[in-house]
Amino acid sequence: MSLLADRVVQLAYDPGISPKGGGLPGLSVLKTVVNSINLFGIIAVVGALAVSLAVWAWGHHTGGHQAEATGKKGATVAAGAALGLGAANGIVAFFSNLGSQVH
């Protein structure tokens, strides 16, 4: 039975690891790259939303039901992508804080 107890103690061992800034060289460069990727994504979403809205309007005014549906779908996806890109930092921070509370 002590073998099982030793195994449980090993599973519950806290390695003492927590994220800390400034530990690696190039961290500021990595943050700049990720910020640039996020900005690029937001710019791409603006273009996708504009094209989708134009297709939606064109399909509506010409009676092209499939084009209208495709435009609606594209606009919805672009709006969701904008929401995800804008909220990415907050979502990661939320779940990181939530995960740090697990003991």
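1. Let us start with glycine 47, which is partly exposed, its relative accessible area being 35%. That value falls between the 20% below which a residue counts as buried and the 50% above which it counts as exposed. You will find glycine 47 in helix H2. Across from it in space, though not in sequence, is alanine 78: 31 residues separate the two along the chain, and their C-alpha atoms are 9.0 Å apart. Please keep in mind that this is a predicted model.

2. It may help to step back to the whole chain. The protein chain has three helices and zero strands, so from the N terminus on the elements read α-α-α. Of its 103 residues, 9% count as buried. The accessible surface comes to about 8500 Å², and carbon and sulfur atoms account for 71% of that area.

3. Now to helix H2 itself, which covers residues 27-62. H2 has 36 residues, and the distance from its first C-alpha to its last is 52 Å, close to the 52 Å expected at 1.5 Å a residue. Just after H2 comes glycine 63, with a positive phi near 80°.

4. Helix H3 makes a good companion to look at next. H3 takes in residues 65-100. At 1.5 Å a residue, its 36 residues should span 52 Å, and the end C-alpha atoms are 49 Å apart, which agrees. While you have H3 in view, look at alanine 87, where the helix bends by about 60°.

5. Which residues of H2 are buried, and what do they pack against? The buried ones are Gly41, Val45, Ser52 and Gly59, and they pack against H3. Seen from the other side, the buried residues of H3 are Ala67, Glu68, Gly71, Ala75 and Ala78, and these pack against H2. Alanine 78, the partner in the C-alpha distance from glycine 47, is thus also one of the buried residues of H3.

6. Serine 52 is worth a closer look on the H2 side. This residue lies in helix H2 and has a relative accessible area of 12%, so it is buried. Leaving aside neighbours within four places in sequence, serine 52 is in contact with Gly71, Gly74 and Ala75. Of these, Gly71 and Ala75 are among the buried residues of H3.

7. Valine 55 is another H2 residue to visit. Here the relative accessibility is 30%, so valine 55 counts as partly exposed. Apart from neighbours within four places in sequence, valine 55 is in contact with Ala67 and Gly71. Gly71 also appears in the contacts of serine 52. The C-alpha atoms of valine 55 and glutamate 68 are separated by 6.5 Å, with their positions 13 residues apart along the chain.

8. That brings us to glutamate 68, in helix H3. Is this residue buried or exposed? Its relative accessibility is 16%, and because buried means under 20%, glutamate 68 counts as buried. Not counting residues up to four places away in sequence, glutamate 68 touches Trp56, Gly59 and His60. With histidine 60 there is also a polar contact: the two side chains are joined at 3.4 Å. Gly59, another residue that glutamate 68 touches, is one of the buried residues of H2.

9. For a further pair of positions, try alanine 44 and alanine 82. Alanine 44 is in helix H2 and, at 41% relative accessibility, counts as partly exposed. Alanine 44 and alanine 82 are 38 residues apart in sequence, yet 9.5 Å apart in space, C-alpha to C-alpha.

10. Finally, the aromatic residues. How many aromatic pairs does a search of the whole structure find? It finds one. The pair is formed by phenylalanine 94 and phenylalanine 95, whose rings are 5.0 Å apart centre to centre, with 80° between the planes, an edge-to-face arrangement. The two phenylalanines fall on either side of a cut-off: phenylalanine 94 has a relative accessible area of 48% and is partly exposed, while phenylalanine 95 is at 53% and counts as exposed. The exposed class begins over 50%, which is why the two carry separate labels.

Technical notes:
Residues numbered from 1 in each chain as written. Predicted model: local features only at pLDDT ≥ 70, side-chain atom pairs only at ≥ 80, totals over all residues. Heavy atoms only, no water. Helix = DSSP H or I, 4+ residues; strand = E, 2+ residues; numbered from the N terminus. Buried < 20%, exposed > 50% of the residue type's maximum accessible area, 1.4 Å probe, protein only. Polar contact = N/O pair within 3.5 Å; in protein donor to acceptor, adjacent residues only side chain to side chain. Contact = heavy atoms within 4.5 Å. Phe/Tyr/Trp six-rings, centres within 6.5 Å; stacked < 30°, edge-to-face > 60°. Expected span 1.5 Å × (residues − 1). Bend = angle between axes of the 7 residues up to and from the residue. Areas by Shrake-Rupley, 256 points an atom, 1.4 Å probe, with all protein chains shown as cover.
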